[in-house]
Protein chains: 4
Amino acid sequence: MGSLSINNGNNEIHSNGFNGKIQSGGDQAQRRSCWYEEEIEENLRWSFALNRIIHTGATQYQDIQLLDTKPFGKALVIDGKLQSAEIDEFIYHECLVHPPLLHHPSAKSVFIMGGGEGSTAREILRHNTVQKVIMCDIDEEVVEFCKSYLVVNQEAFSDPRLELIINDARAELQSRAEKYDVIVGDLADPLEGGPCYKLYTKSFYECIVKPKLSQNGVFVTQAGPAGIFSHTEVFSCIYNTLKQVFKYVVPYSAHIPSYADTWGWVMASDSELMLKTEEFDLRVKQRMTGENRFLDGTTFLSASTLSKAVRNSLDSETHVYTEGGARFIYGHGKLN
Amino acid sequence: MGSLSINNGNNEIHSNGFNGKIQSGGDQAQRRSCWYEEEIEENLRWSFALNRIIHTGATQYQDIQLLDTKPFGKALVIDGKLQSAEIDEFIYHECLVHPPLLHHPSAKSVFIMGGGEGSTAREILRHNTVQKVIMCDIDEEVVEFCKSYLVVNQEAFSDPRLELIINDARAELQSRAEKYDVIVGDLADPLEGGPCYKLYTKSFYECIVKPKLSQNGVFVTQAGPAGIFSHTEVFSCIYNTLKQVFKYVVPYSAHIPSYADTWGWVMASDSELMLKTEEFDLRVKQRMTGENRFLDGTTFLSASTLSKAVRNSLDSETHVYTEGGARFIYGHGKLN
Amino acid sequence: MGSLSINNGNNEIHSNGFNGKIQSGGDQAQRRSCWYEEEIEENLRWSFALNRIIHTGATQYQDIQLLDTKPFGKALVIDGKLQSAEIDEFIYHECLVHPPLLHHPSAKSVFIMGGGEGSTAREILRHNTVQKVIMCDIDEEVVEFCKSYLVVNQEAFSDPRLELIINDARAELQSRAEKYDVIVGDLADPLEGGPCYKLYTKSFYECIVKPKLSQNGVFVTQAGPAGIFSHTEVFSCIYNTLKQVFKYVVPYSAHIPSYADTWGWVMASDSELMLKTEEFDLRVKQRMTGENRFLDGTTFLSASTLSKAVRNSLDSETHVYTEGGARFIYGHGKLN
Amino acid sequence: MGSLSINNGNNEIHSNGFNGKIQSGGDQAQRRSCWYEEEIEENLRWSFALNRIIHTGATQYQDIQLLDTKPFGKALVIDGKLQSAEIDEFIYHECLVHPPLLHHPSAKSVFIMGGGEGSTAREILRHNTVQKVIMCDIDEEVVEFCKSYLVVNQEAFSDPRLELIINDARAELQSRAEKYDVIVGDLADPLEGGPCYKLYTKSFYECIVKPKLSQNGVFVTQAGPAGIFSHTEVFSCIYNTLKQVFKYVVPYSAHIPSYADTWGWVMASDSELMLKTEEFDLRVKQRMTGENRFLDGTTFLSASTLSKAVRNSLDSETHVYTEGGARFIYGHGKLN
C-alpha cells in the first residue's frame, strides 16, 4: 500500500527538497504510527491505531482521555482502561439497561449508581414508562467532560426527567427516603481495596439496595468480564453474592469487540424475572422510543443462555463478597 | 507507582461511581497508553510515549504529523519517519550548518536545497557574515506548516536576509545565474527511485552544484546514518561520490538520540578545509550570535575523527552515485 | 513487583559483580520482555507475552511457528496468523465437529477438508458411531509437524479409523466414489484470490460437496469471524451461499478469546437440522467418549441463537460466492 | 512482500486444506511476529524482532535470557535489560579493556570486578603482557551459563592465565594481599540502593581500589550512558567521584547501537594517562593478538574528545558518590 504513495507521479518528486532522513513507507506509515495500547491482562495487550488524542487530563479522582481511534472510533479511557468506544458502547449500555426495565411491569423511577458517561441514562430515558432518573456519580469533572464531549448523550443530559447528583452512590442511596423501580449499578469492578468494592458486597445489597427497591423492583449491575476463562474473576462471585440476597437472579453476557472479551451483567429481584421472547419484543415496541441496535427478545435469550463451562462455575461458585473478603481481578496484584 | 494512585485517600473513593471496567494502574497507565512507533529498520522499532498528536495531515507530496512526545518533546514526522525532535534537532542543524560556514573565509551568500522546516535557515542566519540566504523547498504546505507551528524558527522565517522559494531544488539552482559561498543539501536520503536520489549523483555535483559555488565555496550535505553498521547504507557512498568531484572532502558524524543512531554529514570544497580547534572557536565568537549548544572546535575535532571501522569502509568504498546505479537504504525494498 | 526483587536480601547484593547496564525491573521485566504480535486488522493489534518460541520454519506452502505464550499456552501460528491456542482450541473444534455429527442420525463416515492440525479428527473420533475418517490436507509438512508437536492429538493421528491423505481437498473429494455422512470444511477463509476461495463457492457446494453426501448427510464449515461487526466479512456470505444449495442451513457462533473475536460456523443439509436441547445432551451421552468442555445442548441453543444485528444482516445478505466474485476480508488488500 | 507469498504458484493452492483463519501476510508477518521489547526509559521503548528465545531462566540473583534477535544477533538479557549483543558487544568491551591496558607501561596482572559474561576477560587475555587475570563475579550460575552458551568466550574461559572467583567483588578485593596493574569495574550502574552502588563511592575507590593498584596502576570502570542528555544520570558523577581520588582521570564514550545510546567509561590513575595516537597504535601492534574491530589510536582520540555539552557538565559536576547520597538513573524510581 505504502508503495503506491511512492510509485505514483507525485512521489517521483515526493518531498524533493525536504530535509534529511525521509524514507519510504508513505501513508501507511503515517496512518499507523500512533497507537493506543491497553493491557487486557498482564500478559495480553490490545492496541488501536490512533487518529487523534482529543483530550487528556486528570480529575480529582482519575485520569481521563478521549481518543479518536481507527478501529473503534472515539474512545473514553479512564486511568488507562478503555471505558467505552463509540462503535460498540451500545452493546454494553443496552444490555445493562433494557433487560431490567423491560422485565419490570412498568418502571417509573430509576437510580443509577455511577454512569457519569451519560450513556446509561440515555438508554433509560428511551423508556416512556420512566418519569424520573437519578444519576449519582462522584466525579463531577468526568460528568462535565462527558457532557461537553459525548455529543451522543447531550440530549439525555438535558432531559428534564434526569436528576444529576454528585456524591458517593452508597451515601446518596442511603440518605434518600424514596424507593426505586430499578436500581442500576454502573460501577468499576469489585477490586478488593478498590474504589467500588463496597458496592458489591452482600451487606450492601441487603441493607442498602434491597430496601430502596419498590415492589417488583429490579436491581441490575455490570458484572465484569464473563468470558469462558475470565468469568471467574468477578462475574461468578457477583452472581453468587446476589443469589444470597434476592429470590430471582439472572446472569447474562455478550461479546464486546472493543473490550476484547465477553462482558457480563446480573439482574436480580424478589419478583420472578420471566419474559417470553415475543413479550420482550412487544414491550420494546410499546415502551421504547428508537431502535435497539443490539438487543431484542431473541438476543436476550441467547445472552442469558450461558455456555456449559460458565454455567457450571456459576452453579459451583461458593464465594460471597463481604466487607471482609473479595476476589481479585487483573491489576489488583499491583496494589500490594 | 500505579499502586499509590489506588492506595491513597482520594482513591479510597477513587472513581466511586464511575461506570464499569475501571481497574488499577492509575496515572502510570494514563501517562503511557499512547505511543508513537517508528521502524528504524524492518526488524527494529523505536517507540515514544505520546502526550498529544498536535497536527496530522497530508500535503501534495507527503504526510505530515506534529507530535508532542514525552521523551523528545515536539516531533515533526514526515511519511511516518521522524524528521526532527524539539530536544535534539540542534545537533543535526548545528552540524549541518556551522562547519561549512566557519571553514569558509567569510560566507556571504548561502543556498539551501530543502530545509523547509526552517531550522537550517535559523542556524545560518546566526552568522553575521551572511547577507543572503535562499531556501528552496518544493513543498509549500510543509513550509507554511512549519512557519506556523515551529515557534523556534519564526524569527528566522521573518528575517529579511531570507528568500524563500517554492521549487524543485535542482531546477532552481540550475536556473540561477549567481554563485553562492555555501550550498547546503538538507534533503531526503538517496533512495534509488526515491525523490532525492538525483540530488546526490556525481553528475549533479559536477554539473549543477560545483559551477554555482563561488571561489572558496563550500558544499555540505546531510549524509544519512553513520553508525558503525549503518554508515554503509549511504554515508560512505555520498563521501566517495563527492571525492570524485571535489579536492577536499570532510566527513563527520554525531549521535542523535531521537534518531537512535549516529548521523553523518559531508563537507566538500576545492579549497582546503582546515581549521585549528582554537581558530574554529575564535570564528564562532567573532561571527556568530547566540551560543552553540553542541558544536565547538573540540566537538568538531571529535565529530570529524571517525572510528576505525567507519574510516576503513570510507577508504575502501568504491561505489559512486550516478543516474544509473544507487545504494539502498531501508524502506527501499518496499517500493517494488 | 520489580521493586521487591531489588529490595530483598538476595538483591541487596543482587548481581553485585555483573557487568554494566543492569537496572531494576527484575522478574516483571523478564517475564514480559518477549511478545508475539498479531494484526487482527490493519489498525488493531493483539499481543501475547511469550515464554518460548518452540519451533519456527517454513513448509512448501506456508510459514509455521509453534509458540509458548503466557496468556494462551502453546499457540500454532501459520503465516503470522494464530491458528489455534492450547487453552481454547476446544471451542473452535467442538463447535466445528459436534453439531453436525450429533444432528446426523448416526454418522459413520466423515471427510475432513483440511484439518492438518489433527484437532478436528480428534473430536470426530470421540463419536462411537464413526467408523471411518478421511483427513485430506495439502501440506504434508504441517501435518508431520503437528503430529510430532501437538501431543494432545497424537492419539487421534494413530487411530485406525483415521485415513490421512495429502492432496488438494477439492481434487480428492471429486476423485472419490464413496459418499460421506458428514463433510467438514476446516479451511482458510475465502479470500478472493486466496488459496481456499474455490472451496466456498456455490458451484463447489453444488457440484462437489452435495453429490458426496450420503442420505441425511450434513456439511459443516468454519465460517470466519462472526462478531457484531466482523460477521459481514465472510460469515454472512458463506451462510447465504449455502442457502442457495441446501434446504436447511444453521449458522452459529461463539467467542474465542485467543482470536479476540466471536467465530462462526455454518451447518447445512437437505434433511431438517432440528435437535431439542435434551436430545442433544442425550446423544452426547450415548455417542461420545470423554467430556465436552464447551458444548452441550444449552450452549448450542445459545450459539445458534444469533443477535439481532447479525440475524438481520444474514437475512438481508444477497452476495453469493461464485468463481467470479468474492467478498474481502482483512489482508486481501495486501495481495494486489 | 507478503503479497508475493500469496500470488505465486505455490500459494495459488497455498495451505489449501489447512484449518480456518489463515489470512495473508505470509513470510513478512512470520518474520516479524515475535519481538523483544526493552524500556530504555519509562517513555522510550526499543524493540527487536526475534528469531528465537534460546534460553530463559533465573539464577539466585537475577533473571537471565539469551535471545536470538534479527537486528543484533544473540543478545544476553539480565533482569529485562540488554547486557550485550553479539554484533556490537565488541565496542563496549574493547573500550572498557584496551585503553587502561595500553596506557599502562606493561600490565601483567588484572582484577575484574564482575564480568561474568567473559567478554572482558577475553579482551584482556589478548594482551601478551598479561600473566594473570582474576575475574570475580558473584553469580556462579550466570558465569556457568555464559561459559556454555557464549561460544566466542569459551577460549577465554579456559585460558590458564584466568582465575575465576565466585564472590562479592568488594569483599574479594579487600581480602587479597597482592596488588594489580589494572583493576576493571564491569558492574551494574550505581543505583542508590541498587546492588552495585557501594562499588562506585569515593570511599570504595580510596580505601579498597587505590590500595590494591600497583605502581603506575590504572583503574577503569564502565560509567553508564554518556549521551548528550543521559550523561548526567551517572557518567558525570562517576567522573567527578574518581577525580577526588586519582590525579589523572580520563572519561571517554562511544555510541553502541544495540543500547540505543552513547556509552561511557572512565579511566583513572595517579600516573599520567597520555598516549599519542601513533604510540597507541604501536602498542596495539606490539602487545595484542588479533585485530581490534573498533578501537585504534584515532578512534580513542575521538572517543576521549567529548562534545561541548558533555564536557561542560563534567566540569561543573559537584556531586560525589558517598555511602550517603547517590544519583538516580531510570528504574530507580520504581524501587521505593
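Accessible area here comes from the Shrake-Rupley method with a 1.4 Å probe. Keep that in mind while you look at the whole of chain A, a predicted model: it exposes about 10,800 Å², with carbon and sulfur atoms supplying 49% of that.

Start with everything in cartoon view. Chain A has 13 helices and twelve strands. Of its 336 residues, 68% count as buried. Among contacts with a separation of 6 or more, 65% join residues 24 or more positions apart.

**Stop one: two helices**

Select residues 235–243 of chain A, which is helix α10, then add residues 308–316, helix α13. Their axes sit 9 Å apart and the helices pack at an angle of about 45°, so α10(A) is oblique to α13(A). Turn the view and you'll find that the crossing is right-handed.

Now switch on side chains. From α10(A), show A:F235, A:S236, A:Y239 and A:K243; from α13(A), show A:V310, A:S313 and A:L314, which they meet. That contact is made up of four nonpolar residues, two polar ones and one charged.

**Stop two: a glycine in a strand**

Next, pick A:G217, which lies in strand β10, residues 213–225 of chain A. Is A:G217 buried or exposed? The cut-off for buried is under 20% relative accessible area, and A:G217 has 6% relative accessibility, so it counts as buried.

What does A:G217 touch, leaving out residues up to four places away in sequence? Select A:H104, A:Y180, A:D181, A:A268 and A:S269 to see these neighbours. To finish, draw a C-alpha to C-alpha distance from A:G217 to A:L101: 9.5 Å in space, across 116 residues of sequence.

Note on methods. Residues numbered from 1 in each chain as written. Chains lettered and ligands numbered in written order. Predicted model: local features only at pLDDT ≥ 70, side-chain atom pairs only at ≥ 80, totals over all residues. Heavy atoms only, no water. Helix = DSSP H or I, 4+ residues; strand = E, 2+ residues; numbered from the N terminus. Buried < 20%, exposed > 50% of the residue type's maximum accessible area, 1.4 Å probe, protein only. Contact = heavy atoms within 4.5 Å. Axes fitted to C-alpha atoms, helices over the stretch in contact; angles between N-to-C directions. Parallel < 35°, antiparallel > 145°, perpendicular 65-115°, else oblique. Left-handed = near helix turned anticlockwise from the far one by under 90°. Nonpolar A, V, L, I, M, F, W, Y, C, P; charged D, E, K, R; others polar.
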